[in-house]
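Here are my notes for you on this one. Keep the viewer open while you read, and look up each residue as it comes along.

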Amino acid sequence: MAKREHIIILILILFIFVMGMLILSQTLLVDEKSDNSTGMTVHEVIANSSDDPGSVEVIKNIGNQNSSKKIAYVVGVHPLESQTHKTLVKLLPKMSNLNYCYDIYIINVTDDVGYYGDGSSDDSRGRQNGQNLAYRYVYPEIVNGSYDLAVDIHSNVGAYPYRTFVFSPVKEGLGSEYAMEVSKNCADIDYYSPNSTTSGPFLTIPLNNNGVPAFYFEEYSFAPQNEKDSHMTELISAIDNLNFR
């Protein structure tokens, strides 16, 4: 009789174990479906060929994933301006209550990073590598990605009359209008348009000319990090409150 009771107890324990595993698997499945349905932030590599002088990745669905407005940020076009690039990547994903949805395109130049130059000599190889990656990989993604705006993040060594500013290389159009609106709503960010830009033909100019408003943000390279953080927060907030047309 005792042996029979032991068998019954073992059967009950096995039954409870199996039912528990089924319930757990169903719970995990529901959670997985829930995550996919809400469009969680994702990290994708879109270019990583040994034939290229670097790679390109993107962080997608930052902010309000239900928004009809989508904005692209681009960092890494000029690799030696990385401190400003890192500032955006550090701050934007952590900001809460954003109105719009954001993707960050990250260009990682690996060849000739130490070469910067002025865009007109052989010493501009690292700079040119980033521009080529932008045109080959980032430009098609943005121009075909239903974006309402693209912002290319850069920094400068103080050779301009203004140190922290926004501008669009295409003087007429929404890119310039949005940049001016951002400047008006930022106490520490001016609007100043340099006579030329080396990276314009590789990203912001073709974007503006093909339906995606685009402008630059320029930060002073030697600003303290707390100022970089403050300026970037101003920029993000102003863009998140733009009235798109």
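**Notes on the sheet, its helices and some charged residues**

1. Start with a facing pair: Ile-62 sits opposite Tyr-102, a residue of S4. Their strands, S2 (residues 54–63) and S4 (residues 101–109), run antiparallel and are joined by eight bridges. As background, strands in a sheet pair through backbone hydrogen bonds, and the pairing can be parallel or antiparallel. Do keep in mind that this is a predicted model.

2. Now zoom out to the whole sheet. Eight strands make up an open sheet, and if you walk across it you meet S1-S2-S4-S3-S5-S8-S6-S7, with mixed pairing. The edges are S1 (42–47) and S7 (190–191), each of which pairs on one side only.

3. Next, see what lies over the strands. Helix H2 (residues 82–91) lies across S2, S3, S4, S5 and S8, and it runs at about 135° to S5. Helix H3 (residues 125–143) lies across S1, S2, S3, S4 and S5, at about 145° to S4.

4. Helix H4 (residues 174–184) is a nice one for practising burial. Its buried residues are Gly-175, Ser-176, Tyr-178, Ala-179, Glu-181, Val-182 and Ser-183. Try matching that list to the helix repeat: an α-helix has 3.6 residues a turn, so residues three or four places apart point the same way. The cover over the buried residues of H4 includes S5, S6, S7, H5, S8 and H6.

5. My favourite residue here is Asp-240, which belongs to helix H6 (residues 225–240). What is the nearest side chain of opposite charge to Asp-240, and how far away is it? The answer is Lys-69, 12 Å away; Asp-240 is buried yet has no salt bridge.

6. So what does the side chain of Asp-240 reach instead? One partner is the backbone nitrogen of Asn-99, at 2.8 Å. There is also a polar contact with the side chain of Tyr-102, at 2.6 Å, and Tyr-102 is the residue you met facing Ile-62. Setting aside neighbours within four places in sequence, Asp-240 is in contact with Asn-97, Leu-98, Asn-99, Tyr-100 and Tyr-102.

7. On to salt bridges: searching the whole structure turns up six. One of them pairs Arg-136 with Asp-52, with the closest N and O atoms 2.9 Å apart. Arg-136 is in helix H3 and Asp-52 is in the loop between S1 and S2, so this pair ties together parts that are 84 residues apart in sequence. Are the two partners buried or exposed? Arg-136 is exposed, with a relative accessible area of 53%, while Asp-52 is buried at 9%.

8. Lys-69 comes back here, in a salt bridge with Asp-148 whose closest N and O atoms are 3.8 Å apart. Asp-148 lies in the loop between H3 and S5, and Lys-69 in the loop between S2 and S3, so parts 79 residues apart in sequence are tied together. Lys-69 is partly exposed, with a relative accessible area of 26%.

9. H2 and H6 are linked too. Lys-90 and Asp-229 form a salt bridge, with their closest N and O atoms 2.9 Å apart. Since Lys-90 is in helix H2 and Asp-229 in helix H6, the pair ties together parts 139 residues apart in sequence. Lys-90 is partly exposed, at 34% relative accessible area.

10. Last one: Glu-177, Glu-181 and Arg-245 are linked in a network of salt bridges. You have met Glu-181 already, among the buried residues of H4.

How values were computed:
Residues numbered from 1 in each chain as written. Predicted model: local features only at pLDDT ≥ 70, side-chain atom pairs only at ≥ 80, totals over all residues. Heavy atoms only, no water. Helix = DSSP H or I, 4+ residues; strand = E, 2+ residues; numbered from the N terminus. Buried < 20%, exposed > 50% of the residue type's maximum accessible area, 1.4 Å probe, protein only. Lys, Arg positive; Asp, Glu negative; His and termini not counted. Salt bridge = Lys/Arg side-chain N within 4 Å of Asp/Glu carboxyl O. Polar contact = N/O pair within 3.5 Å; in protein donor to acceptor, adjacent residues only side chain to side chain. Contact = heavy atoms within 4.5 Å. Pairing = 2+ DSSP bridges. Axes fitted to C-alpha atoms, helices over the stretch in contact; angles between N-to-C directions.
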